[in-house]
Amino acid sequence: MTTQTETSHAASPSVDPDEVAKFSKLSAEWWDPHGKMAPLHKINPLRLAFIRDAVCRKFDRSARSLNCLSGLRMLDIGCGAGLLCEPFARLGAQVIGVDPSESNIAAAKLHAERSHLSIDYRCTTLEQMDARERFDIVLAMEVVEHVTDVGAFLDRCAAIMKPSGLMVVSTLNRTWKSFALAIVGAEYVLRWLPRGTHQWEKFVTPEELTRHLERNKLGITEQAGVVYSPFADRWSTSSDMDVNYMVVAESLE
Amino acid sequence: MNDTSADLTLYDVAVVGGGPVGLATAVALAQAEIRVALIASRKPYPDNRTTALLSGSVDFLQRIGVWERCEDKATALRTMRLVDDTRRLIRAPEVRFNSEEIGLDTFGYNIENRELLIALEARAAECPTLTRIDDDAEAIDVTELNVTIRTRQGGVVAARLVVGADGRQSICRDAAGIEVKRRELDQAAMTFNVTHARPHHNVSTEFHTPNGPCVFVPLPGNRSSVVWVASPAEAKRLMALSDEQLSDAAERAMHSILGRVSVGPGRHVFPLAIEQPRQFAKNRIVLAGEAAHVLPPIGAQGLNLGLRDASDIADLVIDTMTRGEDPGNPLALAQFDSRRRNDIASRTMAIDLANRSLLSDFLPMQAARATGLHLLNAIRPLRRIAMREGLAPTWRRLS
């Protein structure tokens, strides 16, 4: 592989065979659509299409083109093993994936290498990144509900985005319904997620998100709820933003 | 890198099989700029079978730029006539379906498969992202991230998704580990083309005989194609007849409705069977055409179903790839499987039932069939439903 990714703190996957085996196993877990990450795989096509359509509208591209993101610099914050990074790299974007977990980054690198994709994975956090870097697209998918200070985090996201750029944020709303579905349902009843994955108090309402974005002169231009239909075993977008939702933010000027 | 496939060209999709379904799939994908390898040695269509392309198939061929190349070789089908010639105690009345009744100009168009293939080949040659590999697939190896195909002449092709349009003895289906349910029917279909003294007026006529259906479908001019289903012994006898004797036999079978008949060169016989694979997609391989379904030639469903495979597969691959996803990923494969399952299973069941009721000597079955056709004849809304269902399944139009 190229050395463009070697600035990160993560271990190179070719160092220690035991480490490689460990990361390989982790990578396989992340990428197994029927494994632990099954809910994420199910929801992924929906997220990919939502982001792609928003980007194509903003940058005047055709969403039917196989190269619709070419030349666009995209940052995926909390990229995990690259479930979003890889598809967007295939669509031509120059993708930078950051994640604080060294093992996630190693797993992501391993998978991208085997998929013959060039993605710049870095084991770092948004705060540690070079403040002069700029991106056309900033993704914070299912991240804000895990950060300690949502306002400060979104300020950083806004600062790292080009003025002509686009931000997509997805998270869980703080409603009684999200408590019932995301905590009780997903963690306790259906066991989709390990217990303790989410803390309901940290969920973010669209109003809070709007306030933080407005402070940075960004407005929400698109929004969609993400709902699950148990009978069809399908996720779809909806106007119901009570549980899981996504928003597109861009400069109001 | 220690991945040996790195120095190979990795295609998005490899289509195995150069029949109408394989070619149509490859063209539909290449039209969306997907990099497709079509693996099939070029050869002319081996027999003189024809296909009644129903309106959905014509729409699809139009979308992929093929219809304009073969439209002039096709004959419109405006009336379908079913005649009960079972000579049984309880006989069904003659039923005529007119395309105008459901607000259509035609039910479809009859075309020689050979002409359709020429048009598809010409269109395929125009597609810049379609690579034609003029060789046959010999061995297929599925790995986690792609599929490699070795050809007879030693070539190797890798792709993320394989479309197995390689017929009844599909090696793609074997490589995917998909089992097939097979039921041999004690029937054979004989095909040939005829010229006749009187014009057909765009009417296709299906005589239901105790052996199975005998169908005359219009071709350009005073010509028709014939599919004659009979017992294997009877088919063998017909195959052995001289042209003159077969002409007489065909004229008798159609009760001389088109006057004097004379058979053209070339006749073929096919043993009939119903085959259904247990899955339609698995392990980066999706099945299309006769690899996915083998049906008796009743109601013009076979190749029309195959073209729906092609159209559905292309739509799903395009949806998956325009999201940047790997077209052979397990969730996409599960989607292919469920999408094709309803359509193929319902068609297979309907045709199987129709065929069984024709063959049955069991009185209630004959009565039910006769009643069914009586009702179809008498009740206009029911006729329209039957006609529409024949052209495209309800769930497809609703979605």
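Two strands are taken to pair if DSSP finds at least two bridges between them. The model toured here is a predicted one.

Begin by selecting strands β10 (residues 147-151) and β11 (residues 156-164) of chain B. β10(B) and β11(B) make a hairpin with four residues between them. In the turn, select Gly154(B), whose phi is positive, about 90°. The pairing of β10(B) with β11(B) is antiparallel and runs over four bridges; within it, Val157(B) of β11(B) is the bridge partner of Ile149(B).

Next, display the side chains of β10(B), which alternate along the strand. Val147(B), Ile149(B) and Thr151(B) are buried and point to one face, whereas Thr148(B) and Arg150(B) point to the other and are not buried.

Now add strand β9 (residues 137-142) of chain B, which pairs with β10(B) in the antiparallel sense over five bridges. A hairpin of four residues connects β9(B) to β10(B). Opposite Thr148(B) of β10(B) stands Asp141(B).

Move on to His196(B), in strand β12 (residues 180-196) of chain B. His196(B) has a relative accessible area of 5%, and because this is under 20%, the residue counts as buried. Its side chain reaches the backbone oxygen of Arg198(B) at 2.8 Å. Leaving aside residues up to four places away in sequence, His196(B) touches Asn222(B), Arg223(B), Ser224(B), Leu258(B), Arg260(B) and Val261(B).

Finally, select helix α1 (residues 20-30) of chain B, which is mostly covered, with 11 of its 11 residues buried. Among them are Pro20(B), Leu23(B), Thr25(B), Val27(B) and Ala30(B).

Conventions. Residues numbered from 1 in each chain as written. Chains lettered and ligands numbered in written order. Predicted model: local features only at pLDDT ≥ 70, side-chain atom pairs only at ≥ 80, totals over all residues. Heavy atoms only, no water. Helix = DSSP H or I, 4+ residues; strand = E, 2+ residues; numbered from the N terminus. Buried < 20%, exposed > 50% of the residue type's maximum accessible area, 1.4 Å probe, protein only. Polar contact = N/O pair within 3.5 Å; in protein donor to acceptor, adjacent residues only side chain to side chain. Contact = heavy atoms within 4.5 Å.
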